[in-house]
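Hi,

Here is the structure I promised to pass on. Have a look at it first, and my notes follow underneath.

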Amino acid sequence: MSYELELKNITKRFGSVVANQDVNLQIEAGEVHALVGENGAGKSTLMNILYGLLQPDEGEIFFRGERLHLKSPQDAIERGIGMVHQHFMLAPSMTVAENIAVGWPPRGKFAWKNADLARELEAFQTLFELPVPLETRIRDLSVGQMQRVEIMKSLYRGAKIIVLDEPTATLTPQETDELFRTIRRLRENGHTIIFISHRLREIMEISDRITALRSGRTVGTVRTAEVTPAEVARMMIGRDVAELKKAPLQAAETALEVSELCVAGDSRAAAVDRLSFQLRRGEILGIAGVEGNGQTELTEALIGVRPVQSGGITLFGGDVARAGVRQRMDLGLAHIPQDRMREGLALELNIMENLVVGTHDVPPIGNRGLIRWRKAAQWSRDAIGRFGIKTPDEQERAGNLSGGNMQKIIVARELSRSPRAVIACQPTRGVDIGASEYIHQQLLDIRAAGGAVLLVSADLDEILALSDRILVLFNGRASGVLDREDASEALLGRYMFGLGEEARHEA
Ligand SMILES: Nc1ncnc2c1ncn2[C@@H]1O[C@H](COP(=O)(O)OP(=O)(O)OP(=O)(O)O)[C@@H](O)[C@H]1O
C-alpha cells in the first residue's frame, strides 16, 4: 500500500551515540499514530529529522510517494508538516492572532489582512474545537490554551501532518480530554497526527496504530485495537511494569509543618494564601491542582528560594521560615524541581558533575575540601545503572541527554543523598514507564524508611498511586484535604476547580 508518509532506513549519529539506527516509520493518511519508547530511544531525534531540524546521516523521507529533502523547518512546513514542541515557541507579549500570523506567509509574498485572518482562525476554532481568545496576549493564557495556539499556527501554515511531542505532559485531565477532542476532529477532517507519549492510558485511548522505538531501532508497529496495554508496555521498555510495593502507613511525628503561610508570586500578591498543613514522617502528602495555583511559590518558599511574607514553616521541629537553602538541605531536605532545564541541571556540565553537586563536599566523594573524582565517577556509573540513564558514559554533557534522561539525573542526585524529607515536583514528567516505576518505588521506599514526601504533581494517576493524603491547591489555598481512601479522580478534579465542599457531597 502507499503511505501518507514514510521514513525509510533513517540513521542519525551524534558522535559515538547512534540515536536512530535504520529506523522505519510508515504513517497512513488520516490516522493517529503513537510513537513510543523509553527515554533516549530516539523519538525526538526522528521527529526533528521529519521537521527539518536535523539532517539524517542515512535514509529517506517520502510524502505521498514523493521524496522530500528537508533542510529546515521552513521546508517541512511548506510540505505540510507541522510540529508542536513540548516547549512552546510563542512570543509571550504578543496576542494569539499576532503569534499565528507572524512570519507567514513567508518572505512577504502577500500581506495578511486582519479581517481575513480572524475569519480563517475562527473557522479553525469551530471546526477543530480550539477555543482561544484571539486578541489575548500569550502570557495571559493557560498551558492548554497555548497549545491550541500552536496547533492553530500549524493549521494556518497548511499542515496536513501534525507532530505532537508529549502534548499531554503539562495538561490537566480536562485539558487532555479537550485536546483529544481536537485530535479526533483533525482526524475526521483528514489530518494525520503523530503523537509522542509515555502515558499508556492515553496511547490506548487516542491512537490507531503504535510504533515503538528502543535504543534507536524500530521494535515494531501494531494496531492499537489488536493489543493490550501490557503488550504495549513490553514494546516500550522490553519488559513488564512491576506492581508498586506500598507498605502500610506508619506515619510518625510531624516532619514539616506549614502554618498560615503567605507567599507572594511574581504577578500575584498572594500566590499562597494562609495555607496550613502538616506532613508526617513515613507519609506521602500529595499536592494536586491545576498548575499556577500556588504550587511553584509554595515549593520555592519551602526550599528557601522565595521569601515568606507571613506564617511559619517548621522542619523537624526547627523554625526554617527564614533559613537559607543550605541550612534546610543540612536538615535532610531534598528537592526535585519541576523545571529541569532552568533549575535542576547545569546543562554545560557533564553527567557526573551534575550528579555529585551537593554531595561533593562530604564523604565518600568529598575529602577535606577535595573532590575524589575516581569515587565520583564510580558513584555516577552506579546511579546511571540504577536509574537506567541512557548515555555513553558519565562524562557526557548533560545538555545532550534526552528530556527524560535529564529528569532521571535530578531524581538520582536528590534521592541518593538519603533525604529525611523530599519535595518532589512533577518527578516523573517526561519519564518513561520503566523509570517512572523505579522513581515511584524509590519515593515509597523513602516513606517506608520513615522519610516524609511532599509530592506536587499535575498527574492524578501519580497522586492517587502514591499519596496517603491529598491536598488540593486552588488559588493558593487548600480547596480540599482528603485521605487517599476517600479520593477519586473525579472528586479531585472538582476540587481542582474550587468546587469545594459541594464536590464531596455530590460525588
Ligand atoms: N545534540 C545531541 N548531541 C548528542 N547526543 C544527543 C543529541 N540529541 C540527542 N542525543 C542522544 O540521542 C539519543 C536519543 O535522544 P532522543 O531525544 O531522540 O530520545 P527520546 O526518545 O526523544 O527520549 P525522551 O523520551 O527522553 O524524550 C539519546 O541517547 C540522546 O542522549
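Confidence in the protein is lowest in helix 18 (residues 500–506), with a mean pLDDT of 51, and highest in strand 3 (residues 32–36), at 98. pLDDT is the predictor's confidence in each residue, from 0 to 100. Helices (H or I, at least four residues) and strands (E, at least two) are DSSP runs, numbered from the N terminus. The protein has a mean pLDDT of 90, and 95% of its residues reach 70 or more. For residues 503–507, pLDDT stays under 50, and the model has 7 contacts there beyond four places in sequence. Two residues count as in contact if their C-beta atoms, placed from the backbone, lie within 7 Å. For the complex, the predictor gives an ipTM of 0.98 and a pTM of 0.87.

Two bits of bookkeeping. This is a predicted model, where local features need pLDDT of at least 70 and side-chain atom pairs count only at pLDDT 80 or more, while totals for chains, interfaces and linings use all residues. Residues are numbered from 1 along each chain as its sequence is written.

Now the domains. The assignment gives domain 1 (5–237) and domain 2 (255–332 + 421–426 + 451–507); such bounds come from an automatic or database domain assignment. Taken over C-alpha atoms, the centres of domain 1 and domain 2 are 34 Å apart. Their contact takes 5 residues from domain 1 and 6 residues from domain 2. On the domain 1 side, the touching residues are 2 nonpolar, 3 polar and no charged. Here Ala, Val, Leu, Ile, Met, Phe, Trp, Tyr, Cys and Pro count as nonpolar, Asp, Glu, Lys and Arg as charged, and the others, Gly among them, as polar.

What surrounds the ligand? There are 18 residues around it, and Phe14, Ser44, Thr45, Ser402 and Gly404 come nearest (a residue is near if its C-beta atom, placed from the backbone, lies within 6 Å of the molecule or strand). Strand 2 (17–27), helix 1 (43–50) and helix 14 (403–415) each give two or more residues to this shell. The shell divides into 5 nonpolar, 11 polar and 2 charged residues.

Strand 2 also belongs to an open, antiparallel sheet of 4 strands in the order 2-1-4-5. Strands pair if DSSP finds at least two bridges between them. Strand 2 and strand 5 (66–68) are the edges, each pairing on one side only. On average, neighbouring strands are turned by 30° against each other, direction ignored. Helix 1 packs on the sheet, touching strand 1 (5–14), strand 2 and strand 4, and its direction makes about 115° with that of strand 1. Those axes are lines fitted to C-alpha atoms, for helices over the stretch in contact, and angles run from 0 to 180 degrees between N-to-C directions.

Within that sheet, strand 1 and strand 2 are joined by 7 bridges and form a hairpin with 2 residues between them; Gly15 in the turn has a positive phi of about 55°. Leu7 has Leu25 in strand 2 as its bridge partner. Strand 1 shares 5 bridges with strand 4, where Glu6 stands opposite Phe62. Phe62 is also the bridge partner of Arg67 in strand 5.

A further open, antiparallel sheet has 4 strands in the order 12-11-14-15. Strand 12 (272–280) and strand 15 (318–319) each have a single partner strand, so one side of each is left without a neighbour in the sheet. Strand 14 (residues 310–315) and strand 15 are joined by 2 bridges, and Leu315 has Gly318 as its partner.

Cheers
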